[in-house]
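Trainee: I would like to go through the charged pairs here, and to hear how each label is justified.

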Amino acid sequence: MTLEKQLKYDRAYLKMALEWGKLSHCKRKQVGALIVKNRMIISDGFNGTPTGFENCCEDSSGNTKWEVLHAEANAILKVASSTQSAEGATLYITLSPCTQCSKLIHQAGIKRVVYANAYKDDAGLKFLEKAGVELMNLPYD
């Protein structure tokens, strides 16, 4: 695939991740993620509470509850419970991953991460770079 065509797909998938993030009940940040393999979406996720918990992500002080799952963690967990594999896939995410999610991304075999906005702590990106994961910052148009 040409670089121009790849960039067109990257933008489209990232826009879809943005729309997916809008499904989150979190007030502070709505993050969406898609895992794509062979130009096919194999998983999706957004940040939120685990299944069966109240859809409220923040406590009374406005801080994020500890049990909230990040969008990429939800997408990876969805793949893990399916017949699919994320080996060699691309993760499209609206916010670059934290350190904990970066470990999951690497262990899941994801080889490329395309993100729109940078998280305040870039340690997750540094870890992924060290692990050989291709990173691409692609801000929204």
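Trainee: What makes the contact between the side chains of Asp44 and Lys78 a salt bridge?

Mentor: In this predicted model, the N to O distance between the side chains of Asp44 and Lys78 is 2.5 Å; the definition asks for a Lys or Arg side-chain nitrogen within 4 Å of a carboxyl oxygen of Asp or Glu, so the pair qualifies. The pair links distant parts of the chain, with Asp44 in strand β2 (residues 40-46) and Lys78 in helix α2 (residues 71-80), 34 residues apart.

Trainee: Why is Asp44 called buried?

Mentor: Asp44 has a relative accessibility of 17%, and buried means under 20%, so the label follows. Its partner Lys78, with a relative accessible area of 43%, lies between the 20% and 50% cut-offs and therefore counts as partly exposed.

Trainee: How do you know that Asp122 forms a salt bridge with Lys126?

Mentor: The closest N and O atoms of Asp122 and Lys126 are 3.6 Å apart, which is within 4 Å, so this pair also meets the definition.

Trainee: Why is Lys126 called exposed, and why is Asp122 called partly exposed?

Mentor: Lys126 has a relative accessible area of 52%, and exposed means over 50%, so Lys126 is exposed. Asp122, at 37%, falls between the two cut-offs and is therefore partly exposed.

Trainee: How many salt bridges does the structure hold, and which residues are linked in a network?

Mentor: The structure holds five salt bridges, and Asp10, Arg112 and Glu134 are linked in a network of them.

How values were computed. Residues numbered from 1 in each chain as written. Predicted model: local features only at pLDDT ≥ 70, side-chain atom pairs only at ≥ 80, totals over all residues. Heavy atoms only, no water. Helix = DSSP H or I, 4+ residues; strand = E, 2+ residues; numbered from the N terminus. Buried < 20%, exposed > 50% of the residue type's maximum accessible area, 1.4 Å probe, protein only.
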